[in-house]
Amino acid sequence: MNPIIKTVFSADPSAHVWPGDDRIYVYASHDQPYTDTHDTMQSYHVFSSDDMVNWTDHGRVLHLDQVEWAVSHMWAIDAAYRHGTYYLVYCAVENATGMFRTGLAVSDQPQGPFTDIGFIQGVEWGQDPALFVDEDDTPYLFWGAGGSCHACQLTDDLLSAVEGTVVDL
């Protein structure tokens, strides 16, 4: 049993405290109850707390049926705040290729709901993504694939890897 979230099966959390907001937000994948197959992870939830004891489940903030390009495996996620927008970066299996892709969704609130805007071009087999925005506003993506960790600089719209910046760490 998850010691923090006891109301739903959740996994792969990413925790953030956003500028000007004293709450902690936890972004997590949602595992379907009583299944033991990874392809049944079909949505994401956001939880928040202002005391680390009492948690609010903001509900399902993005579901597989809202992502036209994806067919299954909505696994680990992360979140970032940039230019007044909250970004949810996540992975799912693309229906056209069967390849893991790193998706991007947006919201004007930290608790969502989020709207998918597509997957990040140039990120092959992107799993377990982390989105980092440096002090100079440069966005970077880190992800796992094939037993390795990769990184790249992203374009200003966050939807593509900057050519020549993908590295195997």
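Author: Before we start, two strands count as paired if DSSP finds at least two bridges between them. Keep in mind, too, that this is a predicted model.

Reader: Okay, how many bridges join strand E11 to strand E12?
Author: Strand E11 covers residues 139–145 and strand E12 covers residues 148–153. The two run antiparallel, and one of the pairs puts Ala145 of E11 against Ser148 of E12. The number of bridges joining E11 to E12 is 6.

Reader: Which strands stand at the edges of the open sheet that holds those two?
Author: That sheet has 4 strands in the order E10-E11-E12-E13, with antiparallel pairing. An edge strand here has a single partner, so one side of it is left without a neighbour in the sheet. The strands in that position are E10 (127–133) and E13 (167–168).

Reader: Let's zoom out: how many helices and how many strands are there in the chain?
Author: Reading along the sequence, you meet the pattern β-β-β-β-β-β-β-β-β-β-β-β-β. The chain's tally is 0 helices and 13 strands.

Reader: And what share of the residues is buried?
Author: The chain has 169 residues, and it exposes about 8600 Å², with carbon and sulfur atoms supplying 51% of that area. Among contacts with a separation of 6 or more, 39% come from residues 24 or more positions apart. As for burial, the share of residues is 47%.

Reader: Strand E7 catches my eye: is it largely enclosed by the rest of the structure or largely open, and how many of its residues are buried?
Author: E7 spans residues 85–94. Its burial count is high enough that it is largely enclosed by the rest of the structure, because the buried residues number 9 of the 10.

Reader: How many bridges join E7 to strand E8?
Author: E7 has several antiparallel partners: it pairs with strand E5 (residues 70–72) over 2 bridges and with strand E6 (residues 77–82) over 6. Strand E8 (residues 100–107) also runs antiparallel to E7, with Ala92 standing opposite Arg101 in E8. For E7 and E8, the number of bridges is 8.

Reader: Which residue in the turn between E6 and E7 has a positive phi?
Author: Across the E6 and E7 pairing, Ile77 has Tyr90 in E7 as its bridge partner. The two strands form a hairpin with 2 residues between them. The turn residue with a positive phi, of about 55°, is His83.

Reader: Then which residue in the turn between E7 and E8 has a positive phi?
Author: E7 and E8 form a hairpin as well, with 5 residues between them. The turn residue with a positive phi, here about 75°, is Gly98.

Reader: Glu94 lies in E7, so is it buried or exposed?
Author: Ala70 stands opposite Glu94. Beyond its close sequence neighbours within four places, Glu94 is in contact with Trp69, Ala70, Val71, Met99, Arg101 and Phe119. The cut-off for burial is under 20% relative accessible area. Because Glu94 has a value of 8%, this residue is buried.

Reader: With which side chain does the side chain of Glu94 make a polar contact?
Author: Arg101, already met opposite Ala92, is also among the contacts of Glu94. At 2.9 Å, the polar partner of the Glu94 side chain is the side chain of Arg101.

Reader: Which element gives the most to the largest nonpolar core?
Author: That core has 21 residues, and those with the most contacts inside it include Leu88 and Tyr90. Strand E2 (24–30), strand E3 (43–49), strand E4 (56–63), E6 and E7 each give it two or more residues. With 4 residues, the top contributor is E7.

Reader: How many residues are in the other core, apart from that one?
Author: Among its members are Ala80, Ile120, Val123 and Ala161. The residue count for this core is 14.

Reader: Over in strand E1, what distance does the polar contact between the side chains of Ser14 and His16 have?
Author: Ser14 is found in strand E1 (residues 10–17) and is buried, with a relative accessible area of 10%. Its C-alpha atom is separated from that of Tyr25 by 8.1 Å, and Tyr25 is one of its contacts. For the polar contact joining the Ser14 and His16 side chains, the distance is 3.0 Å.

Reader: Last one: is Cys152 buried or exposed?
Author: The chain's disulfide count is 0, and Cys149 is partly exposed at 37% relative accessible area. Because its relative accessibility is 2%, Cys152 counts as buried.

Key. Residues numbered from 1 in each chain as written. Predicted model: local features only at pLDDT ≥ 70, side-chain atom pairs only at ≥ 80, totals over all residues. Heavy atoms only, no water. Buried < 20%, exposed > 50% of the residue type's maximum accessible area, 1.4 Å probe, protein only. Contact = heavy atoms within 4.5 Å. Areas by Shrake-Rupley, 256 points an atom, 1.4 Å probe, with all protein chains shown as cover. Polar contact = N/O pair within 3.5 Å; in protein donor to acceptor, adjacent residues only side chain to side chain. Disulfide = S-S within 2.5 Å. Core = buried A, V, L, I, M, F, W, Y, C linked by side-chain atoms within 4.5 Å.
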